[in-house]
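Here is a short report on selected parts of one structure. It takes a helix first, then a sheet, the cores and a loop residue.

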Amino acid sequence: MVKKGKKDNTAPTNKTFDPLQVEGKTPATIVLLLSSPEEDILIKSCEAVYTFANKGDENKVSLLGLGSLEPLCQLINHGNKLVRRNVFMALGVMSTHAEVIKALKKMNIIPSIIDKLSLQEETVVHEFGTLCLASLSVDFVSKAQIFDYNGLLPVIQLLSSPDPDVVKNSLEIIYNQIQDYPSRSAIHELGGIPHLLAQLKSEFPVIQQLALKILQNITIDKDTRVTFRKEQGFEKLIDFLKREDLHHLHACSLDVVANCLNDSECLHLIHKGGGLAQVMKFILSPTLPEIQANAVTCIARVAQSSDNCTMLHEQNAEKVLVALFSVSDDRVKAAVSQAVSAMSTNLASKDVFRELGAISALVELLSCEAWTVKRVASIALSDLTHNNLLNVMAVYEAGGHERLVHLLTEECPMTVASSAATLSSMAGQEDIRYSILSQNVLQALVESLKSTNSQVQTSTALCVAALACDTASRTEFKTAGGLPPLVNLLDSNYRDVQKMACIAVKAFACDEPCALEMCALGTLEKLQKINQLDNQRNIFINMAMTSLLNSNLPLKYSLMGFLSPTDHVTDGFYDAGKTVAGNKVLTLEEHFCEPVNQHRPIIVINTTKQGAENKRDKDKKDKSPIENDCKMSNDSVLEALVQEAKETILLIDDDMEQYSSLARMVSQAMGGAVEREMMHTFEWTLDIRELKFQLESNVVPIGSINKGTYYHRALLFKCLADFIGLSCSLVRGEYTRAWNEVLVLNRPTQHYVVDLMHNPGSLMEVNTPAAEQYQNI
């Protein structure tokens, strides 16, 4: 019931009437009374709002709909303490509803609330004022307002309040605020650290937990850690951890410890004071698995720094961790594996882990039913075996390679990636590699290559490259369908994936059938495309291209325009002319299938007795194509030239004369010498055109060419030289030009260009006018 005074305006009198009582029978009536000018009515109506709102969320929404917030917000600054107290009680209770908070954000109430959090105000105002701010501070804009209006300082000061609700609400405000960096770094500047540490002794677990969560967040900041250390924060946390009755809060406290230990400067001081030894002791002490797992995770976080790993090694952390492998809880096993992985960056620790039996324990965990345990165990083995032969042998002796191959079919990408990485490290030893290959690993790797995870792709490609060290394994991988997904990795947007794919392509390129299939899959075009991008050009791409081209000399000559003395032309080689980088180079079989055209012929080398059958579609417009057998018969003329060269050229003792005599043989076979001034009368193009139509093919055997120009003669010279064991290179020039360069020992000048056209047999020193005139139109 609310009392209200009322005057009689009809008849003035000197008498005073007692105040009349007005019953607020409905919420609407109560809200109307919030605008009363009389303090008693305001006190009681605000109290009535609080009582009504405190009964449930529906009442809060009802009051919101009746417009109660606006008069309540105006009454915050009322001069009467009882009015202010009851207003804050009403607002505080209503602010726990999301719809009310939305409305409050539009009323700019935060400055007024902050102003009333001074120590001179009543505890009730503090309690409900902080409750209201705690609800508001969840919002990003409200957080910024609290910070801008210097709301953190009074909130921090309220941590010394004797009222636990005030402390709890203040901690919630601080926790919400520190999600933004400016507030996080301001806590220690405003003297918040001592207040927060004091709350660790609170009798209320919710207050202790909030204080720990705040400390966990703010100790990420380096300056905060300095203040924390000066306030003996680490020592207080250790004492906190020693209390068994607080075991349910140890997980949070360990997160704060981890932040301290993760700072090298802090860790040195803590280590110096014996704090690190205390942490090690705590980890080994019997406790709940969850707490033990968190403690080990703390060590794993500490071990992220190499300097920290050294200190952990000095504290025999390896022994502590390996001992925990005997704990049956999967959370502890996973945490220990993670810590072992982190400490593996320390070379000494790698050896200690092996000596203490960590590797065999990790291999056992690879068969664990929990996928999380298998994942971290496989990662730990990957780190332990990287560049460590003894650890590789330990994994092998424990049968780890068999389990790792099995894990390649797991659904977890990290498990697959780390398993493949470990197998890559193990494949460097021949005996181990054959044992791995016997586990049908290549088929599993083919499936892994199809993964969309970049880490899996990277590790798998590297593993494939490490295992494909012989013809049998490369053939098995090719037969299993591994080359298409491998080549597809060259299209990846990830540099590491492309790099490992290039390494694998290089490994397979030395095998001619694999090289041919990869070329058919467009590998060269992909490599060229990557190489054209300056920011992606690297040595691995060039290595892959070189290796691939060395296994496919027709492609190499077509793309690079050069064959070195070590590139030996053999049967099946063909010159399709110069091609533009990025364009597909047709195979010889594909050239046979092309209809006869007006382009330059494809010159082929073939001395074999049996020709290869090829099929050609004469009429591509016809949807019921007629198949025509086209045979690349053996080139009897070329065969005779090879035999003649063996019987004559090889009998000559002088190197220079050998090259000269071979040049004259080539010239004679291709129409003889032609004076430079008379080249226009040398009708070689007509003969070639007639030969194509006579053979009904664009592919022309080199021995059938009676009139050949520069590039025909240079190819024939290279072919004969390679067949009889002489050393020479083949260089393509512009238009119809090509030439051979030879190396003649025991001469002042050793490198010569061979004249096959104008003065056959003449050897011209490279980089001289005569040689340059021969090389250019």
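## Helix α41 and its cap

This is a predicted model. Asp635 caps the N-terminal end of helix α41. One of its side-chain oxygens lies 3.3 Å from the backbone nitrogen of Val637. The helix itself covers residues 636-648, 13 in number. From first C-alpha to last, α41 reaches 18 Å, close to the 18 Å expected at 1.5 Å a residue.

Four residues of α41 are named as buried: Leu638, Leu641, Val642 and Ala645. The buried residues of α41 fall within an arc of 100 degrees when seen down the axis, so they line one face of the helix. The general geometry fits: an α-helix has 3.6 residues a turn, so residues three or four places apart point the same way. What covers the buried residues of α41 includes α42 (655-669) and α44 (710-724).

## Strand β9 and its neighbors

Strand β9 spans residues 728-732. Five of its five residues are buried, so β9 is largely enclosed by the rest of the structure. Both faces are covered. Cys728, Leu730 and Arg732 are buried on one side. Ser729 and Val731 are buried on the other.

β9 has a partner in β3 (residues 562-563), joined to it by two bridges and running antiparallel. Here Leu563 has Leu730 of β9 as its bridge partner. β9 is also joined to β10 (residues 738-743), by five bridges and again antiparallel. In that pairing, Ser729 has Glu741 of β10 as its bridge partner, and Cys728 stands opposite Val742.

## Hairpin and sheet

β9 and β10 form a hairpin with five residues between them. Tyr735 sits in the turn and has a positive phi of about 55 degrees.

The hairpin strands belong to an open sheet of five strands. Its order is β3-β9-β10-β11-β12, with antiparallel pairing. β3 and β12 (763-765) are the edge strands, and each pairs on one side only. In general, strands of a sheet pair through backbone hydrogen bonds, either parallel or antiparallel.

## Nonpolar cores

The largest nonpolar core has 189 residues. Which of them touch the most other members? They are Leu104, Leu261 and Val441. Helix α35 (residues 495-509) gives the most to this core, with nine residues.

Val441 touches Val405, Leu408, Leu423, Ile436 and Leu467, leaving aside residues up to four places away in sequence. Apart from the largest core lies another, of 54 residues. Its members include Tyr557, Val666, Leu691 and Trp739.

## Ser202 in its loop

Ser202 lies in the loop between α13 (192-198) and α14 (205-218). Is this loop residue, Ser202, buried or exposed? Its relative accessible area is 15%. The cut-off for buried is under 20%, so Ser202 counts as buried.

What does Ser202 touch? Its contacts are Ile207 and Gln208, not counting residues up to four places away in sequence. A polar atom of the Ser202 side chain also lies 3.1 Å from the backbone nitrogen of Phe204.

Terms used: Residues numbered from 1 in each chain as written. Predicted model: local features only at pLDDT ≥ 70, side-chain atom pairs only at ≥ 80, totals over all residues. Heavy atoms only, no water. Expected span 1.5 Å × (residues − 1). Buried < 20%, exposed > 50% of the residue type's maximum accessible area, 1.4 Å probe, protein only. Arc of directions from axis to C-beta. Contact = heavy atoms within 4.5 Å. Polar contact = N/O pair within 3.5 Å; in protein donor to acceptor, adjacent residues only side chain to side chain. Core = buried A, V, L, I, M, F, W, Y, C linked by side-chain atoms within 4.5 Å. Pairing = 2+ DSSP bridges.
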